[in-house]
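Me: I have a protein in front of me and would like to talk through its fold with you. Could you keep the answers plain?

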Amino acid sequence: MSDLDKINSKTQQVNKVEKCESLDEGTFAFLNWMNCKSFVGDNYELDPPLILRDIKLPKPTQVKLYDRYLRHGVIVDIIDSVPQCKNCRSDDCSHVGFAICLLQLIEREGLCSMDELTK
């Protein structure tokens, strides 16, 4: 494989991550993350655009995500059951959409720990 082929291959891999901006895109990112059932540390079988890093259960007050497009962590605060993204300073971005879906899953399933969530 030539150097040009290697560069093109890496560029295609980087371009694979799509930018998420809206609540709906956050919902789709959550579903994509949920489909990655082969969690092994930070390695995923698929490449979800948003990845859950941490959430304190059973009463979540903050969701820590990793945005692969932005290439850094994002914090969503939960205040009176309302998510607010500290990164976007918004309540209608993709990070909030992901957090809303996550909170609904936790409430519906009665999850109490990160281990239960990532099974």
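Me: How many helices and strands does the protein have?
Reply: The secondary structure comes to 4 helices and 4 strands, and you should keep in mind that this is a predicted model. Read along the sequence, the pattern is α-α-β-β-β-β-α-α.

Me: And what share of the residues is buried?
Reply: Buried residues make up 35% of the 119 residues in the protein. As for the contacts between residues at least 6 apart in sequence, 39% of them join residues at least 24 apart.

Me: OK, the core then. Which residues in the largest nonpolar core touch the most other members?
Reply: That core has 27 residues, and the ones touching the most other members are Leu52, Ile55, Val63 and Leu117. Two or more residues each come from helix H2 (23-34), strand E1 (50-55), strand E2 (62-67), E3 and H3, with H3 giving the largest share, 8 residues.

Me: What does Leu117 touch?
Reply: Leaving out residues up to four places away in sequence, Leu117 touches Trp33, Leu52, Ile55, Leu102, Leu105, Ile106 and Leu111.

Me: Ile106 is on that list. Is Ile106 buried or exposed?
Reply: Ile106, which lies in helix H3, is buried, with a relative accessible area of 7%, a value that falls under the 20% cut-off. Apart from neighbours within four places in sequence, Ile106 is in contact with Ile55, Leu57, Leu111 and Leu117. The C-alpha atoms of Ile106 and Leu57 are separated by 8.7 Å, although these two residues are 49 residues apart along the chain.

Me: Switching to aromatics: how many aromatic pairs are there?
Reply: The count comes to 3 aromatic pairs. In one of them, Phe30 with Phe98, the ring centres are 5.3 Å apart and the planes stand at 80 degrees, so the pair is edge-to-face.

Me: Why does that pair tie together parts that are apart in sequence?
Reply: Phe30 lies in helix H2 and Phe98 in helix H3, so the pair ties together parts that are 68 residues apart in sequence.

Me: Are those two rings' residues buried or exposed?
Reply: Phe30 counts as buried at 6% relative accessibility, and Phe98 is buried as well, with a relative accessible area of 0%. Ring pairs also bring in Trp33, linking Phe30, Trp33 and Phe98 into a cluster.

Me: What about Phe28, buried or exposed?
Reply: Phe28 lies in helix H2 and is exposed, with a relative accessible area of 59%, which is over the 50% cut-off. From C-alpha to C-alpha, Phe28 and Gly97 are 8.7 Å apart in space, while in sequence they are 69 residues apart.

Me: Next, pockets. How much space lies in the largest pocket?
Reply: About 270 Å³ of space lies in the largest pocket. The lining has 13 residues, and the closest to the pocket centre are Lys59, Pro60, Ile78, Ser81 and Leu103.

Me: Which elements give two or more residues to that lining?
Reply: Those elements are strand E3 (72-79) and helix H3 (94-109), and the largest share, 4 residues, comes from H3. By class, the lining of this pocket has 8 nonpolar, 2 polar and 3 charged residues.

Me: Ser81 came up there. What is its phi?
Reply: Ser81 has a positive phi of about 65 degrees although it is not a glycine. Most residues other than glycine have a negative phi. Ser81 is found in the loop between E3 and E4, and at 61% relative accessibility it counts as exposed.

Me: And Asp80, where does that residue lie?
Reply: Asp80 lies in the loop between E3 and strand E4 (82-85). Its phi is near 55 degrees, a positive value in a residue other than glycine, and Asp80 is exposed, with a relative accessible area of 72%.

Me: Last one, on the backbone: is the peptide bond from Leu57 to Pro58 cis or trans?
Reply: The peptide bond from Leu57 to Pro58 is cis, with omega near 15 degrees, and Pro58 lies in the loop between E1 and E2. Most peptide bonds are trans.

Technical notes
Residues numbered from 1 in each chain as written. Predicted model: local features only at pLDDT ≥ 70, side-chain atom pairs only at ≥ 80, totals over all residues. Heavy atoms only, no water. 1 Å grid on protein atoms, 1.4 Å probe; cavity = no way out; pocket = protein on both sides within 12 Å on 5 of 7 lines; lining within 4 Å. Points joined across faces, edges and corners; volume = space filled by probe spheres on them. Nonpolar A, V, L, I, M, F, W, Y, C, P; charged D, E, K, R; others polar. Core = buried A, V, L, I, M, F, W, Y, C linked by side-chain atoms within 4.5 Å. Buried < 20%, exposed > 50% of the residue type's maximum accessible area, 1.4 Å probe, protein only. Contact = heavy atoms within 4.5 Å. Phe/Tyr/Trp six-rings, centres within 6.5 Å; stacked < 30°, edge-to-face > 60°.
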